[in-house]
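Biologist: Please pick one part of this model and take a close look at it and its surroundings. I would like an account that a first-year student can follow.

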Amino acid sequence: SEILDLNAFNQLLSMDDEGDEEHEFSRDIVDNYFDQARGTFSDMDKAFVAKDLAKLSSLGHFLKGSSATVGVKKVQECCKHIQYLGKLQGASGEGVVEPEEALRLIGLELAKGKDEYQKAEEFLRFFYEADPGDEDEDEDDDDDDESEDNQRNSGK
């Protein structure tokens with residue numbers, strides 16, 4: 001439960017259609033989040049090498065928002081810190097930080113954010129793959145196939 005903000009994640013799950021055991025809606029949002037996060041971390045790495053603090057700040061802001069939607073709170077935290085540090089503010093938004101120190105701290109937050117993201121992605125993939133709904137769906141599909149075959153046979 002450390003990995004996810006369960007309130008936020010449950011809110012996301014509540015948007016799935018009732019009886020949709022595949023969680024189609026939330027699964028799409030989570031899949032999009034995976035793509036966004038990977039792309040954003042890659043852009044952050046480039047901005048970090050280029051020492052582009054403004055870019056790092058805006059990327060942090062962007063990923064903070066999408067992480068919050070899915071409930072990936074530790075990535076959300078790291079991104080919030082990067083957003084502030086990129087503006088040469090302290091990690092909590094208070095005080096002033098020198099550019100070199102800001103970059104050093106962003107490097108640490110970035111590494112931590114990626115690490116936390118990996119854990120969250122594993123957890124979420126497991127959640128969606130291990131969902132009992134999947135097995136039920138498969139069994140239903142088999143039944144449908146049989147009944148179709150039966151109908152075809154009886155038609156001949």
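Modeller: Two residues are in contact when heavy atoms of theirs lie within 4.5 Å. Helices are DSSP runs (H or I, at least four residues), numbered from the N terminus. The model is predicted, so local features need pLDDT of at least 70 and side-chain atom pairs count only at pLDDT 80 or more, while totals for chains, interfaces and linings use all residues. Residues are numbered from 1 along each chain as its sequence is written, and side-chain values use heavy atoms, with hydrogens and water left out.

The part to look at is helix α2, which covers residues 24-49. Just ahead is H23, in the loop between α1 (6-13) and α2. H23 has a positive phi, near 55 degrees, although the residue is not glycine. Most residues other than glycine have a negative phi. With a relative accessibility of 15%, H23 counts as buried (buried is under 20% relative accessible area, exposed over 50%, partly exposed in between, with a 1.4 Å probe and protein chains only).

One partner of α2 is α3 (53-70). Their axes come within 10 Å and cross at roughly 160 degrees (axes are lines fitted to C-alpha atoms, for helices over the stretch in contact, and angles run from 0 to 180 degrees between N-to-C directions). That angle makes α2 roughly antiparallel to α3 (under 35 degrees is roughly parallel, over 145 roughly antiparallel, 65 to 115 roughly perpendicular, the rest oblique). On the α2 side, the contact includes I29, V30, Y33, Q36, A37, T40, F41 and M44. On the α3 side, L56, L59, G60, F62, L63 and S66 are among the residues that take part. By class, the residues of this contact divide into 13 nonpolar, 5 polar and 2 charged (Ala, Val, Leu, Ile, Met, Phe, Trp, Tyr, Cys and Pro are nonpolar, Asp, Glu, Lys and Arg charged, and the others, Gly among them, polar).

T40 shows this contact at one position. Leaving out residues up to four places away in sequence, T40 touches L59, F62 and L63. T40 is buried, because its relative accessible area is 4%.

Another partner of α2 is α5 (99-129). Here the axes are 11 Å apart and the angle is about 160 degrees, which makes α2 roughly antiparallel to α5. From α2, the residues in contact include S26, R27, V30, D31, Y33, F34, A37 and F41. They meet a set in α5 that includes L103, I106, G107, L110, K114, Y117 and E121. The contact of α2 with α5 has 13 nonpolar, 3 polar and 7 charged residues. V30, Y33, A37 and F41 of α2 are listed for α3 and also for α5.

Helix α2 also helps to cover α4 (73-86). That helix has 14 residues and reaches 20 Å from its first C-alpha to its last. In α4, V75, C78, C79, H81, I82, Q83, L85 and G86 are buried, and what covers the buried residues includes α2, α3 and α5. From α5, E116 is in contact with K74 and V75, its neighbours within four places in sequence left aside. E116 is buried, since its relative accessible area is 9%.

After α4 comes L88, in the loop between α4 and α5. L88 is not a glycine, yet has a positive phi of about 60 degrees. L88 counts as partly exposed, because its relative accessibility is 28%.

Methods
Helix = DSSP H or I, 4+ residues; strand = E, 2+ residues; numbered from the N terminus. Expected span 1.5 Å × (residues − 1).
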